Amino acid sequence: MPSKTPSSSDSSRTSGSKTSKAWDKGGYGNKSAIVKTWGIYGPQNAGITQSGGRKSEPFKLSRTKIDMFLECPLCFYLDRKLGIARPSMPSFTLNVAVDHLLKKEFDTHRAAGKPHPMMKAYGLDMVPFSHPNMDQWRENFVGVQYLHPETNFLVFGAVDDIWQEPGEGDKPGRLAIVDYKATSKDGEIELEDTRWHNQYRRQMEIYQWLVRHNGFEVSDTGYFVYVNGKKDRAAFDGKLEFDVKIIPYTGKSDWIDDVLVRAKKCLDSDAVPAQSPACEHCEYRLEARKAYERHIKAAKGSA
Ligand code: SF4
């Protein structure tokens, strides 16, 4: 699908017209969940802190929004500047349950200051990291935070876990970022060159960058604790069994500063970015709107 920038004659910009009000009344979901009035980028965030100049307010930016910018600057612009969110998705409640149980399991070993048996099985000389901020770092919408000076973005992301290597003398051991993942697929789980797995890699790299900027020494190697629901059982029997695998990943965080600066430029600009050529939803939205307007016009003409 060719990349297109919506033009000024784009029918999607007829907000406030009779047609768009009729469109709004058409029952296309929950408008209040899509149109946001808070947490969006505005004049108070534009520019950056300069001595003698106006001090801009930090703008909170999650790692998922950074990823959104990389996937489609238009979606990012609509969401963060114009306040139009992507339609929500149902929550992956089974994944959330797996995350919760893994956290509980690793927390018992954290409290004991002992390695999880899985760490030993994989030859990892580490323990779950114990720190007073651990709960805050794992909390959604709070997470690990860093105020990026070049953009005044308050970047944040909630980690699943952090492990720690043994220290030497007074020197504490390096940290390793850990992310829990759940799936159900045939065969061995590996990190592949897919959209989702590339997103996982970037997620790991942003967490490494965030924790480093909080003053910790962080290993380039992070770990995915990947659980795979088994489908080859004779019967369900009211329980789902999983294989668990630890997949190391060597991250590189050198792209993040540049992406943040580009994201800031995108938000500061009045130019609407092009839509992603890899996504067909905008095309659907525009074509659906055009078809709707054609239909209304034809219906009025025949009345
Ligand atoms: S192309 Fe897709 S990702 Fe981009 S703005 Fe449209 S719907 Fe969002």
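This briefing covers the overall make-up of the protein, the surroundings of its ligand, and helix 5. The model is predicted. The protein holds 10 helices and 8 strands, and 22% of its 303 residues are buried.

**Overall make-up**

- Taking contacts between residues at least 6 apart in sequence, 64% link residues at least 24 apart.
- Buried residues account for 22% of the protein.

**Ligand surroundings**

- Nine positions can be read off in chain order around the ligand: Cys72, Leu74, Cys75, Leu78, Gln275, Ser276, Cys279, His281 and Cys282.
- By residue class, this shell has 6 nonpolar and 3 polar members, and no charged ones.
- Two helices, helix 4 (73-80) and helix 10 (281-302), each contribute at least two residues to the shell.
- Helix 4 provides the largest share, with 3 residues.

**Cys282**

- Cys282 is one of the residues around the ligand, and it is located in helix 10.
- Cys282 counts as buried because it has 20 C-beta neighbours inside 10 Å, and 20 is the number at which a residue is classed as buried.
- Cys75, another residue of the ligand shell, is 207 residues from Cys282 along the chain, yet their C-alpha atoms are separated by 9.3 Å.

**Helix 5: dimensions and end**

- Helix 5 runs over residues 93-112, which is 20 residues.
- From first to last C-alpha, helix 5 reaches 29 Å, close to the 28 Å expected at 1.5 Å a residue.
- Gly113, just after helix 5, has a positive phi of about 70°.

**Helix 5: buried and exposed sides**

- The buried residues of helix 5 are Val98, Asp99, Leu102, Phe106 and Arg110.
- Viewed down the axis of helix 5, these buried residues fall within an arc of 110°, so they line one face of the helix.
- This buried set includes Asp99 and Arg110, both of types that count as charged.
- Strands that help cover the buried residues of helix 5 include strand 2 (127-128), strand 5 (161-164), strand 6 (175-183) and strand 7 (221-229).
- The exposed residues on the other side of helix 5 are Thr93, Leu94, Val96, Ala97, His100, Leu101, Lys104, Thr108, Ala111 and Ala112.
- Nonpolar types appear on this exposed side too, among them Leu94, Val96 and Leu101.

Terms used
Residues are numbered from 1 along each chain as its sequence is written. This is a predicted model: local features need pLDDT of at least 70, side-chain atom pairs count only at pLDDT 80 or more; totals for chains, interfaces and linings use all residues. A residue is near a molecule or strand if its C-beta atom, placed from the backbone, lies within 6 Å of it. Helices (H or I, at least four residues) and strands (E, at least two) are DSSP runs, numbered from the N terminus. The expected span of a helix is 1.5 Å times one less than its number of residues. A residue is buried if 20 or more other C-beta atoms lie within 10 Å of its own, exposed if 12 or fewer, and partly exposed in between; C-beta atoms are placed from the backbone. The arc is that of the directions from the helix axis to the C-beta atoms. Two residues are in contact if their C-beta atoms, placed from the backbone, lie within 7 Å.
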